[in-house]
Amino acid sequence: MTASPLCDNPLLDLSGLPRFDAIVPSDVQPAIGKLLDDCRALIVRLTTEGATTTWDSFAAALSDGLEPLSRAWGVVGHLHAVNDVPEWREAYNRMLPEVSRFYAELGQNLKLFAAYQAIAGSAEYARLSPTRQRIIDNEIRDFRLAGAELRDDQKPRFQAIAEELSQLSAKFSENLLDATNAFAELVSDEAELAGLPDDARQAAAEAAEKDGHDGWKFTLHMPSYLPVMQYADSRRLRAVMYRAYATRAAEFGAAEFDNTPLIGQILRLRREEAQMLGYASFAEVSLVPKMADSVPQVLAFLRDMAIKARPFAERDIADLRAFARSELQLQDIEPWDVGYVSEKLLQERYAFSEQEVKQYFTEDKVLSGLFEVVETLFGVCLKRDNAPVWHEDVRFFRIETPAGELLGQFYLDLYARETKRGGAWMDEAITRRRRSSAAAATDPIQKPVAYLNCNFSRPIGNTNGQARPATFTHDEVITLFHETGHGLHHLLTRVDELAVAGIHGVEWDAVELPSQFMENYCWEWSVVQGMSSHVDTGHALPRALFDKMLAARNFQSGMQTLRQIEFSLFDLLLHSDFDPAGERSVLDLLGDVRREVAVLVPPEWHRFPNSFAHIFAGGYGAGYYSYKWAEVLSADCYGAFEEAGDPFDQNTGQRFLSSILSVGGSRPAIENFRAFRGRDPQVDALLRHSGMVSV
């Protein structure tokens with residue numbers, strides 16, 4: 001397709017929602033090029049001699065002027081993530097260096113830096129609201145972290161590093177998706193399907209048929225991979241799938257998908273960047289805008305959690321090995337046996353299976369239950385809405401007050417696709433802000449819009465001409481609630497300043513608080529009862545089955561906690577005292593971490609770092625600990641509802657909304673927490689919720 005003329009290029013139409021029905025890859029270069037030119041012209045105008053430096057004339061004007069680029073590029077990045085076809089990949093990667101270069105230049109612009117400093121040192125600063133003061137302070141901090149104070153002869157190198165890192169991160173993610181898509185196991189012997197649930201078999205048969213093959217096709221996408229690892233009696237099939245998954249994007253596959261050299265380049269560039277800024281490590285740089293004060297503090301937190309979890313993890317693995325020997329005649333558990341044996345042990349101990357539970361969580365019923373939780377807890381209404389979408393599976397919703405005032409809107413993209421990056425995530429499409437007077441003719445407040453993305457199984461088969469409804473595992477239901485928590489953080493903000501509205505300006509190690517908080521509602525009987533409906537009978541999940549689920553809630557929680565700590569320690573040590581130019585390899589460091597905390601050690605050929613997209617492509621570099629850090633905060637916050645005696649206590653729900661969700665990044669996260677709890681965080685609730693308290 002040819003690009004639209006600039007006058008009607010849909011990427012440049014920011015008057016409302018993205019025009020996904022009109023945007024094509026060829027629109028990207030002309031639209032983003034024009035917006036880059038506009039931004040550069042704005043910067044020149046704001047930094048010329050005689051330009052006034054007040055909040056309105058400079059800070060607000062710069063924020064308003066840069067937003068169109070951010071919004072349009074956000075649409076491009078989103079389409080690259082959810083529709084990674086060659087045309088979109090090429091369009092994204094063509095402009096990625098240009099956009100990265102612009103933001104690197106922006107962060108090093110001394111005139112802009114001086115303007116923010118001038119406001120901070122002026123009499124006006126004291127008259128600004130605390131929210132605007134925080135924005136000014138954050139900007140000054142971020143200019144320093146972006147190299148604004150570097151010598152002029154150092155700045156080109158710093159910019160080049162930023163540009164190269166953005167390209168390496170994008171390539172890491174693309175390699176992982178391509179390597180995932182490159183593998184398929186075609187099974188022709190039906191005997192190898194023993195143990196697999198019917199829906200997994202049917203999905204595999206449909207996948208094979210789609211490719212023109214007989215038999216059953218299994219892939220490394222989660223809806224296909226997980227049932228095999230959990231239920232397949234065939235040890236051969238589990239071993240094949242495990243090895244393929246464990247060695248994705250590594251030297252064992254296609255060379256063009258190997259992330260090993262990218263990892264080394266990313267680590268070297270991050271280290272160089274940190275040292276140019278005067279820090280000993282990238283981890284130190286990463287922690288500057290976070291809640292945590294220092295690398296030693298985070299290491300101490302993680303190691304203390306590991307000590308608390310270890311006795312429970314050791315008990316978990318001992319139980320697993322004993323059960324495998326006595327009941328399954330497996331004298332030695334291989335890594336590809338762990339999920340299978342764990343499921344058998346769970347069924348033996350608690351007399352239910354996850355597959356049994358899955359039949360009760362039909363898609364529409366889960367969504368209605370989720371929406372009811374949000375509506376009851378925060379006094380809002382969620383309704384189906386209409387908007388152009390990027391795929392026929394995507395749905396669109398609005399969130400409003402009971403009186404009908406629009407608060408925000410969101411897209412919901414639930415199913416896995418080969419062209420969609422793995423995992424689940426929330427991202428922003430539009431952020432709340434107060435519009436300038438010229439743009440506020442109809443509504444002075446720009447309403448936020450979010451993307452909620454998952455990778456669940458789609459509806460399969462046909463019954464009487466209709467597809468069988470999609471069913472979700474309880475873990476997938478938890479994931480949906482988690483991403484909705486992120487969405488609520490973005491959508492329910494009441495902050496009108498773009499830089500700290502919603503998730504903007506929120507410390508990275510606190511941003512998981514709302515998402516993890518929402519997970520707790522997946523364990524409330526009233527919620528589960530209301531959002532369950534058996535796919536065949538329509539009956540709600542029985543209380544007796546829920547009680548079994550509740551009893552099994554902390555099944556292997558010790559092992560799971562140590563696994564998260566293993567990832568977090570590896571990430572932090574990799575970005576602090578590890579020398580990427582030294583003799584020791586990334587795998588050597590991972591081995592050290594596993595010897596310190598792990599109770600299950602994968603085979604030496606396992607290449608976990610090559611698929612650790614969170615830290616190499618997802619913004620969590622030297623920040624993966626944030627999940628555990630924020631889990632302390634979220635468990636403690638939910639403890640307030642437990643103390644109130646009602647998970648839907650209206651007063652507590654409104655306080656959570658007003659103290660945490662609605663204030664975004666307008667004040668430090670610790671102040672938000674203290675406003676809600678009246679004290680500093682305590683780890684007790686997390687340990688209790690995880691079952692890691694001695695009886």
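**Cysteines, the α1–α2 helix pair and T180**

A search of the whole structure, which is a predicted model, finds zero disulfides. Two cysteines were examined for solvent exposure. C39 is buried, its relative accessible area being 2%, whereas C381 has a relative accessibility of 22% and therefore counts as partly exposed, the threshold for burial being under 20%.

C39 is one of the α1 residues that contact helix α2. Helix α1 spans residues 28-46, and its axis lies 10 Å from that of α2, at an angle of about 170 degrees. Because angles over 145 degrees count as roughly antiparallel, the two helices are assigned to that class. On the α1 side, the contact is formed by V28, I32, L35, L36, C39, L42, I43 and L46. An α-helix has 3.6 residues a turn, so residues three or four places apart point the same way. The α2 side of the contact includes S57, F58, A61, L62, G65 and L66, together with P68, L69, A72, W73 and V76.

Helix α2 itself comprises 28 residues, from 55 to 82. The distance from its first C-alpha to its last is 38 Å, close to the 40 Å expected at 1.5 Å a residue. The helix nevertheless contains a kink of about 30 degrees at E67, shortly before the proline P68. P68 also belongs to the set of α2 residues in contact with α1.

A further site considered is T180, which is located in helix α7 (residues 155-182). T180 has a relative accessible area of 5% and is therefore classed as buried. Apart from residues up to four places away in sequence, T180 touches L220, H221 and R248.

Methods:
Residues numbered from 1 in each chain as written. Predicted model: local features only at pLDDT ≥ 70, side-chain atom pairs only at ≥ 80, totals over all residues. Heavy atoms only, no water. Helix = DSSP H or I, 4+ residues; strand = E, 2+ residues; numbered from the N terminus. Expected span 1.5 Å × (residues − 1). Bend = angle between axes of the 7 residues up to and from the residue. Disulfide = S-S within 2.5 Å. Buried < 20%, exposed > 50% of the residue type's maximum accessible area, 1.4 Å probe, protein only. Axes fitted to C-alpha atoms, helices over the stretch in contact; angles between N-to-C directions. Parallel < 35°, antiparallel > 145°, perpendicular 65-115°, else oblique. Contact = heavy atoms within 4.5 Å.
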